[in-house]
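Reader: Please select one part of this model and describe it closely, at a level suited to a first-year student. I should also like to see how that part relates to the rest of the assembly.

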Amino acid sequence: MSLLGDVARWFADPEHWQGPHGIPVRILEHLELSGLAVAVALVIAAPIALYLGHTGRGGFIAINVANIGRALPSLALLALGLVVAISLGLGLGFWPTMFALVPLAIPPIMTNVYVAVREVDRDIVDAARGMGFSDGEILRKIEIPLGLPLMLAGIRTAAVNVVATATLGALVAGGALGRFIVDGLALREFDQLVAGAILVALLAIVTELTFAGLERASRTPGMVAIR
Amino acid sequence: MTPGEPLIRWDWIGSHIGEIAFRVGEHLELTVIAIVVGLVIAGGLTFVGLRVPRLYPPISWFSGTLYTIPSLALFSVLVPYTGLTLLTAEIGLVSYTLLILIRNIAAGIHSVPVEVRDAARGMGYTPRQILVRIELPLALGVIFAGIRVATITTIGLVTVTALIGQGGLGYFILLGIQLFFSTPLIIGALGSVALAVVADGALVLIQRTLTPWTRVR
């Protein structure tokens, strides 16, 4: 089978690198969709999780959100996103995919941010309070910096999941890299199908590695000494 | 989803009840095969990794990389080779169970206290007896936690295999998207969530039966 040759030729074809359906545009669409979804999820989940973690209340909620989230299959979320988007008259493509991606990204962020704040050594928090830190200062200067690696781990899980699932957006007439896969499957064009799959897989791995790097960078030498 | 159309048409559900039952069965079948095969492979790999610690990092890295690859991409790469078949679906589904299962089996066996192992050895247990009679039963709780996560994840992923002609309840989701008809969409989506919740509950019951000593009296 010369499939690999076909895929290589597909990548080599300059036509696939140009115009509104070209690879660069699809990658940008994919990144835009994923980035926005993670950002919105962060804006929704982080303040709630920080509050719950700082006050030590509602751990039950924060942990259970994650468990429910795990039971929500991506394709089911897309289906529900489609129903919501159409009911609101927002049309196909971008919005149904966003409605699917944001709920997917919330649970890992919520749980990790909550756990990250809770895991900060209570002695350090007490010491800070004794030194006259306000709640806001404790959160900003102690809990967030010390919890950052764990928070980033949650964002990493969310981001990799979102990048993977953004592919399904092509099913509801969205753009992004899923286009190549869905079209390739529909048209039985295996070169396009496999090329799309490779691009999505690479993007997911790059996302994973990027966040792994950020996570490592957020572990300052001082933190190691404290722990 | 056209205006004026109700979100759920109960008469459609009534007239398709047989098909829904069939798809639920298919969904469970795809899930059970994936978990059982995944357990066998993960068990074997973990066993190798524990015996030859040098091999554990590459095994862990391999299963981690598989897990990172988006499901649709993995299924797509396989289609030209294995077609739109059950095999394609299962290769993908099994791949995604490996990371979770390997981590939990290894963590479970590592959680067995050294003293317990030493005591067993002192009583004349062979390494195989220690594994089967001591380590595995004691690790069962942690292993079951992994099986639960893997099962819930797999039930969700099965819906995606509808795109390669399998899919269980995912079939209804795809049908709903294609026909622009919300009833099957909702049946497929809520059905797979319900299935995950029920399966998780069933696994908890099985675990309680298998590890009676963990029950709080």
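Author: The answer below begins with the whole and then turns to one pair of helices.

This is a predicted model, in which local features need a pLDDT of at least 70 and side-chain atom pairs count only at pLDDT 80 or more, while totals for chains, interfaces and linings use all residues. Residues are numbered from 1 along each chain as its sequence is written, and chains are lettered from A and ligands numbered from 1 in the order in which they are written.

The predictor gives the complex an ipTM of 0.75 and a pTM of 0.82. Chain B has an average pLDDT (the predictor's confidence in each residue, from 0 to 100) of 88, and 97% of its residues score at least 70. Within chain B, the lowest mean, 84, belongs to helix α1 (residues 10–15) and the highest, 93, to helix α2 (residues 17–51).

Chain B contains 9 helices and 0 strands (DSSP runs numbered from the N terminus: helices are H or I, at least four residues; strands are E, at least two). Chain A has 10 helices and 0 strands. The C-alpha atoms of chain B occupy a box of roughly 75 × 45 × 25 Å along the principal axes, and the C-alpha trace of chain A spans about 70 × 45 × 30 Å. Of the 217 residues in chain B, 40% are buried (20 or more other C-beta atoms within 10 Å of a residue's own, placed from the backbone); in chain A the share is 47% of 227 residues.

The part chosen is the pair formed by helix α7 (residues 127–160) and helix α9 (residues 182–210) of chain B. Their axes are 9 Å apart and enclose an angle of about 165° (axes are lines fitted to C-alpha atoms over the stretch in contact, with angles from 0 to 180 degrees between N-to-C directions). The two helices, α7(B) and α9(B), are therefore roughly antiparallel to each other (angles over 145 degrees).

On the α7(B) side, the residues that meet α9(B) include B:Leu140, B:Phe144, B:Ile147, B:Arg148 and B:Thr159. On the α9(B) side, the partners include B:Gly188, B:Ser192, B:Leu195, B:Asp200 and B:Leu210. Contact here requires C-beta atoms, placed from the backbone, to lie within 7 Å. The residues of this contact divide into 10 nonpolar, 6 polar and 2 charged (Ala, Val, Leu, Ile, Met, Phe, Trp, Tyr, Cys and Pro are nonpolar; Asp, Glu, Lys and Arg charged; the others, Gly among them, polar).

The same chain also faces a partner. In total, 30 residues of chain B are in contact with 33 residues of chain A. On the chain B side, α4 (71–82), α7, α8 (170–179) and α9 each supply at least two residues, and α9(B) gives the largest share, 9 residues. That side of chain B comprises 19 nonpolar residues, 11 polar and no charged.

One residue of the partner chain links these descriptions. A:Ala76 lies in helix α4 (residues 74–87) of chain A. With 26 other C-beta atoms within 10 Å, A:Ala76 is buried. Setting aside residues up to four places away in sequence, A:Ala76 touches B:Thr159, B:Ile173, B:Gly188, B:Ala189, B:Ser192 and B:Val193. Among these, B:Thr159 in α7(B) and B:Gly188 and B:Ser192 in α9(B) also belong to the contact between those two helices.

Notes:
Parallel < 35°, antiparallel > 145°, perpendicular 65-115°, else oblique. Buried ≥ 20, exposed ≤ 12 C-beta atoms within 10 Å, placed from the backbone.
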